[in-house]
Amino acid sequence: MFLTVILSLLSVIIIILSYILVKTGKASDKTQSAVILCGFAVQLIAVIASFFAGNGFTAMSIAVMAADLFIGLPKILYRKITNKKIICFIENNKKWLTGIAAGTAAVLLFEAFICNFGAFNLIMPSSPNEMILPLSRASVNGSANSSDVITVNSGETVSIEFNNVNYQIKNIYIDIESENSIGGTVRIYNSDETSKDMRNVSNLEYINGNESSKYIVCSYFGETGNIKFEVSAQDNSVVTVKGISVNKPIPFDFSWLRFFIILGFVLFAVTIALCPYMKISCGQSKTFKLSAAAVTLVFVSAAVCLLAVRGDMIFSLFDHPDTNQMNKELVDAFEAGQVSLLETPSQDMLNLENPYDLSERSAAGVSYPWDHLFFDGKYYSYYGIGTVLTLFLPYHMITGKYFPSLWATFIYSIIGIIFLSLAYCAFMKRLFPKIPNRTAVSGLVIVQASSFVWYCITIGNFYELAQVSGFAFLIAGMYFLLRSGVVGEGKISRPNICVATILLSIAVLCRAALALYCIVSLLFIYAGVKKIVKTSANPTFKANKKPVITFLLAALIPFALIGSVQMIYNYLRFGSILDFGISYTLTIYDYQHIQFHLPLVFIAIINYLFTVPKVSSVFPFVTSNYDSLSVNGYYFLAGFSSAGIIFRAVPVLGYIFGGKAYKRSNNPNRRLAAVIIVSGCILVPLIQMAMIWEYGYTPRYAVDFAWQMIFGAFAVLFSLYGKINSTNKRIIDKIFLISAIVSVIINFALTYEFVLDYGNSLGGIPMDIRSDMVSFGRLFEFWNIM
């Protein structure tokens, strides 16, 4: 084992040394090739030696051999190539190809030596041998033990003590399993040459089904005298300890999952920074479209993973759907020809003095549907009917079955993710075609990672369904709005503007709060009218009355027709076209008596925009930092996940340069563009955050406004991009690249934390999958062995 490691390190050093010798002029190309081949030979010996020794380090030596090949082989092969096209391609992409090879080699070596450093803990010839601590000789809870297996029952804590071990301990292995839990903690106490009293300086965090988690590397002072293990069992769990060993060799474990994830980040950074195709303007080649498709595919795959964590139950939902007020109760009501729900209030409910007071309902013990509306002796649904009309009702009428809410949330999320990329591509093509591909692609990664849709997919209740359906229709509407040609280059398209307003209107049917964006869309429609007039042969409104009227009819009729559906629905329920029913909600508090307090508004604004995330050495390394601002009043909290958008998507800070971008702009419509950005990307999001004081904080609400804020900041920065020198352009390019990587890490980390908390607190995720999620996290805590 020691020889294998030494030879592997030597081979890498030899190959790297060959490049240094050539660069310093101390060796010719032929000499370099000979030295590289010598390095290959040394590593081949290491591979053969580890294979025949059977020491478990064969995977390590093969990984190092692969790294050597990525470092040295391209140099040797390049001298053998005679095809001029291949030579030309290599010369034109030399930095990029070199970066790919070097990056891949670096990740291989990182996986082999850094991520598995615990496996090298006992490679020295002088390392202590393995010692088994027989459980039958241990003192358990102060009494002698004669069993080879120790069982800890629910809620109990058992201490397992070994006296006079008198041995140097480099690591500890505990063969332990727990039933009905994802794992647990073993507290370890030991005395050593610096202290006769036992101290708790190490703990073993084990995971069921994860063999690597049963090891812990120790940094004790000298020989250990006594050692004690405290094993606890959670409620409804039984823990079994089958054996304890010290200095047991930790197996080398090359993780392909960890390798490809880290490699993905490295290759993304290398490609964005060094690939010549990434320097081309995004409007001048197909590279941007292909890159956008690849980025979208990655995020769609992430959405599939978030659905999959719900386990096998997702496949049975079509036979046994997760029914709620949107996918069943409203469907049944509409098919029965009424807007009130079929369930009727009990007499006890009708007799309550104030049925909207949760404490009164609880004290009376009445049965009622949670988060429904109670008005004039009937139950209604508060949530929008957009999904009912577009999916649930047609599906039930055709099949006679109810469409699962979780799957509907997933489908609308996928639609939203795809249209977010399409809208972003249209945004770049129409307005900023000269921005280089590398910055444009980095921007797409940022806006996708920071869309907040990730908080909705796994849960898929009617709350999340309302969010993602509104998101899907809104961003789809935005895509067709940009395609309609009302802003940027291109002709006005009436079919596109019509489709855009239809989709925007349906978004409001899904989620009423999105109506504010329909108001902002009127500015786009106004821009379209101005463009029709200005681009005509006779640029006067009178001369273009017919094309303007046809354009306005295409744009506004959907608003009128679909908007009237919502108004009629409101009137039929509450006798007012503008009453959406929030005051009649049977929920956490009485909406009819809540009072506005400005500090409650600040809670949402601070947490959505400015909260600094916490950083730790525990996976996922970035965690939430929700801040209640010490407000002395009730504020509902549904999901603590909090980190400001300015950290999730750093380019949002681009608004700081808004004044400068406005002054330097040559756009004749810059005033209208500024009004659109300020209203749609700043004011409306702030209004939506302010409105949240009524409902309480939850991260999913940012689905309504996050991408809009990011688009607006991008518009400011991209407007400035063409007016600055090449040095500042490179700075912006680097900021976008770094921000893209940071955005993925932060948003993934907070989503992982949120989803795992949902599984632990509400049991929405099967235990084996939660265990796999924790094991996934342990892959990146390589300082904890694996």
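Begin by selecting Lys214 in this predicted model: Lys214 is buried, with a relative accessible area of 3%. Next, add Glu177, which is partly exposed at a relative accessible area of 25%. The side chains of Lys214 and Glu177 form a salt bridge, 2.9 Å from N to O. The two partners belong to distant parts of the chain, 37 residues apart: Lys214 sits in the loop between strand S9 (195–207) and strand S10 (215–217), while Glu177 belongs to strand S7 (residues 171–179). Keep both residues selected and add Asp175 and Glu211; together, these four residues are linked in a network of salt bridges.

Now move to Asp704 and Arg511, whose side chains meet in a salt bridge of 2.7 Å, N to O. Asp704 is found in the loop between helix H22 (670–691) and helix H23 (706–721), and Arg511 in the loop between helix H16 (494–510) and helix H17 (515–534), so the pair ties together parts that are 193 residues apart in sequence. Asp704 is buried, with a relative accessible area of 5%; Arg511 is buried as well, with a value of 18%.

For the final stop, select Glu111 and Arg258. Their side chains make a salt bridge of 2.6 Å, N to O. This pair also links distant parts of the chain, with Glu111 in helix H5 (residues 94–114) and Arg258 in helix H6 (residues 256–274), 147 residues apart. Is this pair buried or exposed? Glu111 is buried, with a relative accessible area of 1%, and Arg258 is likewise buried, at 1%.

To continue the tour, note that a search of the whole structure finds ten salt bridges.

Key. Residues numbered from 1 in each chain as written. Predicted model: local features only at pLDDT ≥ 70, side-chain atom pairs only at ≥ 80, totals over all residues. Heavy atoms only, no water. Helix = DSSP H or I, 4+ residues; strand = E, 2+ residues; numbered from the N terminus. Buried < 20%, exposed > 50% of the residue type's maximum accessible area, 1.4 Å probe, protein only.
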